[in-house]
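Here's a quick tour for anyone meeting this structure fresh. Have a look at the model first, then read on.

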Amino acid sequence: MTRIPGVARMLTVTWWLQLKMLSASAFNGILQFVWPLFFATTAFLVYRQNGDPAALVYAGLGSAVMGLWSAIATTASGALQRERWHGTLELLVAAPTPFALVLVPITVAMTTIGVYSMGATLLWGWLLFGIVVPVASPVLFVLSLVVSVLAVAMFGFLLSVSVIRYRTAWALGNMLEYPGWLLCGFLVPVTLFPTWVTWISWALPPTWGMEAARQSSAGESPWLALALCVVLGLAYASVATLLSGAVLRSARRHATLALT
Amino acid sequence: MTSLRIFFIGGLISFRALFNWLSPWIYVPSLLIAPVFQVLLFAYLGRSAGVGSDAFYLVGNAVQYAAIPCVFAMANTIAGERQTQTLGIVLATPAPRLPLFLGRRCPSSSTGGWSRCSPWSSAA
């Protein structure tokens with residue numbers, strides 16, 4: 001009977017603790033704001049040449065949500081490496097709490113940091129470029145963002161588990177940032193890509209989160225996109241949970257958890 | 001002659017010791033694949049907005065990406081020495097500063113020039 005409240009407490013406390021740890025570094029915090037702003041500014045300048053105000057709104061919203069991906073791509077791939085450096089990975093693995101449940105709030109905290117970036121980009125677009133993103137359905141818009149944050153976090157969960165035995169995982173994470181920006185339709189409509197590329201886009205939860213945010217912003221129904229985002233997020237979480245068990249068993253068998 | 005030795009041999013040893021780029025697991029994702037996706041991002045951004053040609057974004061991003069290893073590597077040369085706790089020893093040596101640090105800059109700048117080829121080859 002106490003299991004569910006106990007798990008909920010563990011998830012909340014871990015999320016909050018990780019959020020505080022991630023927010024402690026002023027350098028990383030500033031970088032988290034500034035890095036997507038460079039690209040957002042470039043996108044605003046390019047779309048402004050177009051002369052279409054709707055295109056600027058498209059870029060404004062896309063650039064803002066782009067921060068979620070940036071927050072997860074590099075940091076999630078290095079999440080377990082960080083625990084390894086801190087010497088806490090073995091403790092986490094040995095804890096009675098399932099390892100997958102420990103990782104989920106860590107990646108959710110990483111994505112939550114991206115919300116700061118989202119706010120900063122919206123503010124930047126408004127102050128410097130006069131971009132006001134109209135939100136026709138505020139409740140659905142917020143719901144879209146919350147679902148996007150959770151779905152992106154589940155992608156990060158899968159990513160962090162997938163690279164647990166890759167010593168230089170951070171390099172892979174850095175590499176994923178541009179493909180994610182491109183494939184998830186943050187700045188460019190996915191319909192511009194070749195058909196086989198759109199299939200990859202549709203398999204990524206942020207694509208549907210972004211679509212839901214755009215639809216709720218425009219007053220359209222975002223429910224289908226939201227449902228697909230949730231389903232994909234759950235699928236990624238399921239695969240990551242299974243993978244974490246397999247990878248940990250392998251690491252134990254070969255004594256490679258520490259990678260020393 | 002001492003300055004030349006510090007410039008060439010010191011620079012080479014520093015590059016080999018400090019930089020992870022000698023590992024293909026880091027070099028390939030960081031300096032060969034990432035630039036290609038950056039070019040693709042901006043080329044598609046231009047196509048979507050109807051601004052500029054693909055060549056415009058290719059040339060701009062290739063030059064910009066060539067600069068990244070130069071700037072990043074030079075800064076990281078100092079940071080790497082600090083991290084490995086050898087910065088104090090390096091600064092305490094009587095070696096002249098100019099060849100010492102310029103020598104460390106050259107291999108990373110060459111890497112930047114080489115990485116510029118990645119977007120070009122992808123475009124070809």
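Two residues are in contact if their C-beta atoms, placed from the backbone, lie within 7 Å. In chain B, among contacts between residues at least 6 apart in sequence, 79% join residues at least 24 apart.

A bit of housekeeping: this is a predicted model, where local features need pLDDT of at least 70, side-chain atom pairs count only at pLDDT 80 or more, and totals for chains, interfaces and linings use all residues. Residues are numbered from 1 along each chain as its sequence is written, and chains are lettered from A in the order in which they are written.

Chain B has six helices and zero strands; helices are DSSP runs of H or I with at least four residues, strands are runs of E with at least two, and both are numbered from the N terminus. Of its 124 residues, 32% are buried, meaning 20 or more other C-beta atoms lie within 10 Å of the residue's own C-beta, again placed from the backbone.

Where do the chains meet? Chain A puts in 19 residues and chain B 20 residues. On chain A's side, α8(A) gives the largest share, eight residues. These elements each give two or more residues there:

| Element of chain A | Residues |
|---|---|
| α2 | 26–50 |
| α8 | 169–183 |

Now for α11(A), residues 223–254: its 32 residues reach 46 Å from first C-alpha to last, close to the 46 Å expected at 1.5 Å a residue, counting one less than the number of residues. Its buried residues include A:L226, A:C229 and A:G233, and their cover includes α6, α7 and α10 of chain A. Just after α11(A), A:A255 takes a positive phi of about 55°.

Definitions and conventions: Buried ≥ 20, exposed ≤ 12 C-beta atoms within 10 Å, placed from the backbone.
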